[in-house]
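Visitor: I would be grateful for a close look at one part of this structure. Please describe how its helices pack against one another, and then turn to the ligand.

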Amino acid sequence: MYNLVIMEKRVNIEETLDWYIWAGVTETCATEVCLNNLLETLDISLSARSHPITPILKKNKDTLDTIHVNSSTASFDNIAKNARELCSKASSLDELKDLVQKFDGCNLKKTAANTVFGDGSPHARVVLIGEAPGADEDRIGSPFVGKCGKLLDKMLAAININRADCYITNVLPWRPPGNRTPTDEEVAICLPFLKRQIELIKPDFLLLLGGIALKSLLDVPDSISRTRGKWLEYVIDEQKTAQVLATYHPSYLLRSPSQKAKVWGDFLRLQKKMNCEE
Ligand code: URA
């Protein structure tokens, strides 16, 4: 019988594990010191279990060489300003990726396994923007590689767009715990990274996947359901403005397949515009 002290309360580990398993927990996330202690205990108690769960040390690989921002004292505005200044120093996507991996001003990084930077062609005509990495993306370190990514690949293929010719990224490079909705502060801190990716690529088109991508990049009063399917503009810099289309996020389509027809219509709109047919 092993006991764990959490918040001054003694918790029975066997009972806690049973509760975790019942709740569907398959991974644990903790600091190294705390987890090492726990692992020793769990190894003993788990070896005799009929359906063990595997504790996985989730330590972001990128934290070793970090650009430190003291988030306890700095205001969110200052952290976001700091992120903007850092971004302006990056003159290529590789440099920017390196900066994002070293940046530690966003709390989400602490619970994420990987920094998920954008992926695809630096010369893409179209940039697709999602919300944040999910569990699969967090584990693998690339955007849209899980169920949503498979659906996205199929939709792109259906309009004869090769995923490798696009650039795919997210508003946030770190997975919010449990896929929760990101806070406004988290978006504000990470937005400069997204904007700099767009500045470096200078695409003709942006496809915004879901309400968070829409609200983060464009100051629109209406919801995604009212805005999707309409052409908008995003000013990249003095020389370049991208045509923007917002549509529903693939994860919403997986939950609500009846909405697929609308998104299919949006993808056809994008195809026509890219082929200069409208
Ligand atoms: N959902 C997103 O918004 N982005 C991903 O990369 C995966 C799922």
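Guide: The following account takes up the packing around one helix and then the surroundings of the ligand. The model is a predicted one.

Helix α8 spans residues 184–201, and its axis comes within 10 Å of the axis of helix α4, which covers residues 93–102. The two axes cross at roughly 170°. Since angles over 145 degrees count as roughly antiparallel, α4 is therefore roughly antiparallel to α8. On the α4 side, the contact is formed by Leu93, Leu96 and Val100; α8 contributes Phe193, Arg196, Gln197, Leu200 and Ile201. By class, the residues of this contact divide into 6 nonpolar, 1 polar and 1 charged.

Helix α3, residues 76–88, also packs against α8: the axes come within 9 Å and cross at roughly 10°. Angles under 35 degrees count as roughly parallel, and α3 and α8 are therefore roughly parallel to each other. From α3, the residues in contact are Phe76, Ile79, Ala80, Ala83, Arg84, Cys87 and Ser88. Those from α8 are Glu185, Ala188, Ile189, Pro192, Phe193 and Arg196. This contact of α3 with α8 comprises 9 nonpolar, 1 polar and 3 charged residues. Phe193 and Arg196 of α8 thus appear in the contact with α4 and again in the contact with α3.

As for the ligand, Gly130, Glu131, Ala132, Gly134, Glu137, Pro143, Phe144, Asn170 and His249 surround it. Backbone and side-chain atoms both approach the ligand. A polar backbone atom of Ala132 is 3.0 Å from a ligand nitrogen atom, and a polar backbone atom of Phe144 is 2.9 Å from a ligand oxygen atom. Asn170 places a polar side-chain atom 2.7 Å from a nitrogen atom of the ligand. Taken alone, the ligand exposes 240 Å², of which the protein buries 94%.

Methods. Residues are numbered from 1 along each chain as its sequence is written. This is a predicted model: local features need pLDDT of at least 70, side-chain atom pairs count only at pLDDT 80 or more; totals for chains, interfaces and linings use all residues. Side-chain values use heavy atoms; hydrogens and water are left out. Axes are lines fitted to C-alpha atoms, for helices over the stretch in contact, and angles run from 0 to 180 degrees between N-to-C directions. Helices (H or I, at least four residues) and strands (E, at least two) are DSSP runs, numbered from the N terminus. Angles under 35 degrees count as roughly parallel, over 145 as roughly antiparallel, 65 to 115 as roughly perpendicular and the rest as oblique. Contact means heavy atoms within 4.5 Å. Ala, Val, Leu, Ile, Met, Phe, Trp, Tyr, Cys and Pro count as nonpolar, Asp, Glu, Lys and Arg as charged, and the others, Gly among them, as polar. A residue is near a molecule or strand if one of its heavy atoms lies within 4 Å of it. A polar contact is a pair of N or O atoms within 3.5 Å; within protein, one must be able to donate a hydrogen and the other to accept it, and residues adjacent in sequence count only if both atoms are side-chain atoms. Accessible areas come from the Shrake-Rupley method with a 1.4 Å probe; for residues, only the protein chains shown count as cover.
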